[in-house]
Amino acid sequence: MIRVEIDGNSGFCAGVIRAIGTAEKYLGAHPGKLCSLGAIVHNEEELSRLHSMGLVTVDSLEEAASVGSGDDPVLIRAHGEPPKVYRQAEEMGLRLIDCTCPVVLRLQKAIKDAYYRVSPEHGSILIFGKIGHPEVLGLIGQVPSGVDVVQDLAQTIDLVSSGRLRTDSPVELFSQTTMSPVEYGRVSSYLESVLDPGVLVVHDSICSQVAGRHRLLSEFAASHDVVVFVAGSTSSNGKVLFDLCKRTNPRSYHINSVSQLSAGWFPPECSVGVCGATSTPKWLLEDVARAIENLQ
Ligand code: SF4
């Protein structure tokens, strides 16, 4: 018999719950259309549910203006946006519904403050994050220049050895909110060892909801024979968390939807853990768990 357990700690984080709840409330009160600047959540299944309610994902404010009625607001998702987007919306006369996560807002402000601290001393700001990720673009855009982004330890080593990061002036290090705490620890320890003493300030900027999940997810993955990890293909948090599952339990499989399940993954007598990212809806985890139970 296959026993299936859904991880109680998986599912939307507070920032995503708030953004989706706001969109649903708006569409409930104003049936029709609401444009979201970028995908409100990195999960194709949840996006198609929201699109069927009237949410339209657009890539730019120009596109929002052409799609909307002129009066429709544009939703800013939990990842946040750089200040230039707010300026452009004002110039275009577009109303915004700002769902930037409060944790991201605090991080944006912290980066701005750091910029004014390090600039007079020719210092640098370094972000450990996914290059091109919308949250990272929103963070970089808070300051005029002088921010470097590294995705891993290898890029950090390259930044230092190529001389692009000065080792003798202040460096303030931040992480995108959804990165791996273990990797962030590696990057900060390396910098500590090569920069002049006292120049590095490491900010604890991984979201506490994400940091807590890493340990709990590791325990969850280790406690099952097979792990089915559910997340959208574009979710960066999904990639980080799936890698963690795979390291802990080699019989871990990543799927986007129920249709990707394969009966061959499950021996006759096994326990299966179903889990996901901060962008995976609970209803999808439940659908997957039900589908696995129905395989027997
Ligand atoms: S992961 Fe944390 S910081 Fe990022 S949107 Fe969710 S709650 Fe906010």
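Which helices each supply at least two residues of the shell around the ligand? Hold on to that question for a moment, and hello, everyone. What we have on screen is a predicted model, so please keep that in mind as we go along.

Here is the answer: α1 (14–29), α5 (102–118) and α9 each supply at least two residues of that shell. Among the contributors, α1 gives the most, with three residues. The ligand has 14 residues around it, and those that come nearest are Cys-13, Gly-15, Cys-101, Val-103 and Cys-207. What classes do the shell residues fall into? Nine are nonpolar, five are polar, and none is charged.

Let me pick out one of those nearest residues, Gly-15, which lies in helix α1. Is Gly-15 buried or exposed? Our cut-off for buried is 20 or more other C-beta atoms within 10 Å. Gly-15 has 26 C-beta neighbours inside 10 Å, so Gly-15 counts as buried. And who are the partners? If we set aside its neighbours within four places in sequence, Gly-15 is in contact with Ala-78, Cys-101, Val-103 and Val-104. You may recognise Cys-101 and Val-103 there, since both are also among the residues that come nearest the ligand. Now look at Thr-278: along the chain, Gly-15 and Thr-278 are 263 residues apart, yet a separation of 9.1 Å is all there is between their C-alpha atoms.

That brings us to the whole chain. Among contacts between residues at least 6 apart in sequence, 75% join residues at least 24 apart. The chain has eleven helices and twelve strands. Its radius of gyration is 21 Å, close to the 19 Å that the globule rule gives for 296 residues, so the chain is as compact as a globular protein of that length. If you drew a box along the principal axes, the C-alpha atoms would fill roughly 65 × 55 × 25 Å. As for burial, 40% of the 296 residues count as buried.

Next, the domains. The chain is divided into domain 1 (2–11 + 208–293), domain 2 (14–100) and domain 3 (103–202). You can see that domain 1 is written as two stretches, 2–11 and 208–293. Between the C-alpha centres of domain 1 and domain 3 there are 31 Å. Where these two domains touch, seven residues come from domain 1 and seven residues come from domain 3. On the domain 1 side, α9 (208–222) and α10 (236–248) each supply at least two residues. That side has three nonpolar residues, four polar ones and no charged ones. So α9 turns up twice in our story, here and in the shell around the ligand.

Last stop: strand β8, residues 171–175. Why do we call β8 largely enclosed by the rest of the structure? Five of its five residues are buried, so the rest of the structure largely encloses it. Val-171, Leu-173 and Ser-175 point one way, while Glu-172 and Phe-174 point the other way. What does β8 pair with? Strand β6 (residues 124–128) pairs with β8 in the parallel sense over five bridges, and Ile-125 stands opposite Glu-172. Strand β9 (residues 200–202) also pairs with β8 in the parallel sense, over three bridges. There, Val-201 is the residue opposite Glu-172.

That is my tour, so do rotate the model and look for these residues yourselves. Thanks for listening!

Definitions and conventions
Residues are numbered from 1 along each chain as its sequence is written. This is a predicted model: local features need pLDDT of at least 70, side-chain atom pairs count only at pLDDT 80 or more; totals for chains, interfaces and linings use all residues. Domain bounds come from an automatic or database domain assignment. Helices (H or I, at least four residues) and strands (E, at least two) are DSSP runs, numbered from the N terminus. Ala, Val, Leu, Ile, Met, Phe, Trp, Tyr, Cys and Pro count as nonpolar, Asp, Glu, Lys and Arg as charged, and the others, Gly among them, as polar. The radius of gyration is taken over C-alpha atoms; the globule rule is 2.2 Å times the number of residues to the power 0.38. A residue is buried if 20 or more other C-beta atoms lie within 10 Å of its own, exposed if 12 or fewer, and partly exposed in between; C-beta atoms are placed from the backbone. A residue is near a molecule or strand if its C-beta atom, placed from the backbone, lies within 6 Å of it. Two strands pair if DSSP finds at least two bridges between them.
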